[in-house]
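Visitor: I have a structure open on the bench screen. Please walk me through it with short questions and short answers.

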Amino acid sequence: MAGNREFLNRRLHSLLGVIPVGLFLVMHLVVNNFATRGEEVYNGATHFMESLPFKLFLEIFVIYLPLLFHAIYGLYIAFTAKNNVSNYSFFRNWMFALQRVSGIITLIFVAWHVWETRIAAALGAEVNFNMMENILSSPWMITFYLVGIISTIFHFANGLWSFAVSWGLTVTPRSQKIATYVTMIIFVALTYVGVSTILAFV
């Protein structure tokens with residue numbers, strides 16, 4: 001019975017990491033990238049997101065609760081998983097270890113980012129270009145955000161590979177190899193989007 005529960009929890013953890021959390025990440029990166037087009041365009045994009053109907057409902061049930069489950073169960077996996085990196089230095093073993101490390105970094109970054117933006121907005125601050133410009137006025141915060149964003153994107157992209165395997169989408173070694181290339185391309189593309197966004201505020 002416990003084995004079945006763990007199997008279902010791992011499946012749910014994997015699914016929520018892609019839908020809806022992963023999809024939200026991609027959307028968030030794309031919307032924020034409007035900063036590369038200037039302050040006015042970025043503020044227009046964020047205002048549109050802020051004015052979505054049922055925003056609070058969507059945030060709680062489509063973002064925060066799935067993210068919370070994924071984060072808590074992810075920590076359980078990270079601290080109970082048996083890494084074989086020291087014994088077997090295969091590429092996938094390293095990806096397995098990096099997935100756990102990037103997950104912890106991502107959790108710290110996301111918690112801080114939510115505190116600086118969503119909690120601040122709930123307390124009356126306006127989420128706009130100036131807010132992000134002020135947040136990123138320190139070299140330390142620029143470094144923190146760059147590390148956090150790259151870690152988050154890696155965790156998502158590499159997680160897509162695990163998702164495809166665990167859900168039976170890539171069964172053969174060839175399909176898994178192709179999936180590796182595809183997910184790494186996704187990682188590079190989204191990293192460009194994320195890093196260019198950060199640099200737009202600097």
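What follows is a round of questions on fold, charges and local geometry.

Visitor: What kind of model is this, and how are residues numbered?
Guide: This is a predicted model, where local features need pLDDT of at least 70, side-chain atom pairs count only at pLDDT 80 or more, and totals for chains, interfaces and linings use all residues. Side-chain values use heavy atoms, with hydrogens and water left out, and residues are numbered from 1 along each chain as its sequence is written.

Visitor: How many helices and how many strands does the chain have?
Guide: Helices (H or I, at least four residues) and strands (E, at least two) are DSSP runs, numbered from the N terminus. From that end, the elements run α-α-α-α-α-α-α-α. The count is eight helices and zero strands.

Visitor: What is the radius of gyration of the chain?
Guide: The radius is taken over C-alpha atoms, and the globule rule is 2.2 Å times the number of residues to the power 0.38. The C-alpha atoms fill a box of roughly 50 × 35 × 30 Å along the principal axes. For 202 residues, a compact globule would have a radius near 17 Å; the chain agrees with that, at 18 Å.

Visitor: Which percentage of the residues is buried?
Guide: Buried means under 20% relative accessible area, exposed means over 50%, and partly exposed is in between (1.4 Å probe, protein chains only). Of the 202 residues in the chain, the buried share is 38%.

Visitor: What share of the exposed area comes from carbon and sulfur atoms?
Guide: Areas come from the Shrake-Rupley method with a 1.4 Å probe; for residues, only the protein chains shown count as cover. The chain exposes about 12100 Å². Carbon and sulfur supply 73%.

Visitor: How far apart are the centres of the positive and negative side chains?
Guide: Lys and Arg count as positive, Asp and Glu as negative; His and the chain ends are not counted. Each charge is placed at NZ of Lys, CZ of Arg, CG of Asp or CD of Glu. There are 11 positive and 8 negative side chains, and the centres of the two sets are separated by 25 Å.

Visitor: How many salt bridges are there?
Guide: Side chains of opposite charge can pair when their charged atoms come close. The rule asks for a side-chain nitrogen of Lys or Arg within 4 Å of a carboxyl oxygen of Asp or Glu. By this rule the count is five.

Visitor: Which residue meets Glu 6 in a salt bridge?
Guide: The partner sits four residues away in helix H1 (residues 2-18), so about one helical turn separates the two. Glu 6 is partly exposed at 28% relative accessible area. The N to O distance is 3.4 Å, and the partner is Arg 10.

Visitor: Which residue forms a salt bridge with Arg 118?
Guide: The closest N and O atoms are 2.8 Å apart. The pair links distant parts of the chain, 68 residues apart: Arg 118 is in helix H5, its partner in helix H3 (residues 39-50). That partner is partly exposed, at 31%. It is Glu 50.

Visitor: Which residues join in one network of salt bridges?
Guide: Lys 55 and Glu 59 pair at 3.7 Å, N to O. They are four residues apart in helix H4 (residues 55-80), about one helical turn. Lys 55 is partly exposed at 22%, while Glu 59 is buried at 13%. Salt bridges with shared partners make one network of Glu 50, Lys 55, Glu 59 and Arg 118.

Visitor: What is the nearest side chain of opposite charge to Glu 116?
Guide: Glu 116 lies in helix H5 (residues 91-122). Beyond its neighbours within four places in sequence, Glu 116 is in contact (heavy atoms within 4.5 Å) with Met 131, Ile 135, Met 141 and Tyr 145. Glu 116 is buried yet has no salt bridge; 13 Å away is the nearest opposite charge, Arg 118.

Visitor: Which residues does a cis peptide bond join?
Guide: Omega is about 10 degrees at this bond. Pro 20 is in the loop between H1 and helix H2 (21-32). The bond joins Ile 19 and Pro 20.

Visitor: Is Phe 54 buried or exposed?
Guide: Phe 54 lies in the loop between H3 and H4. Its phi is near 60 degrees, a positive value in a residue other than glycine. At 69% relative accessible area, Phe 54 is exposed.
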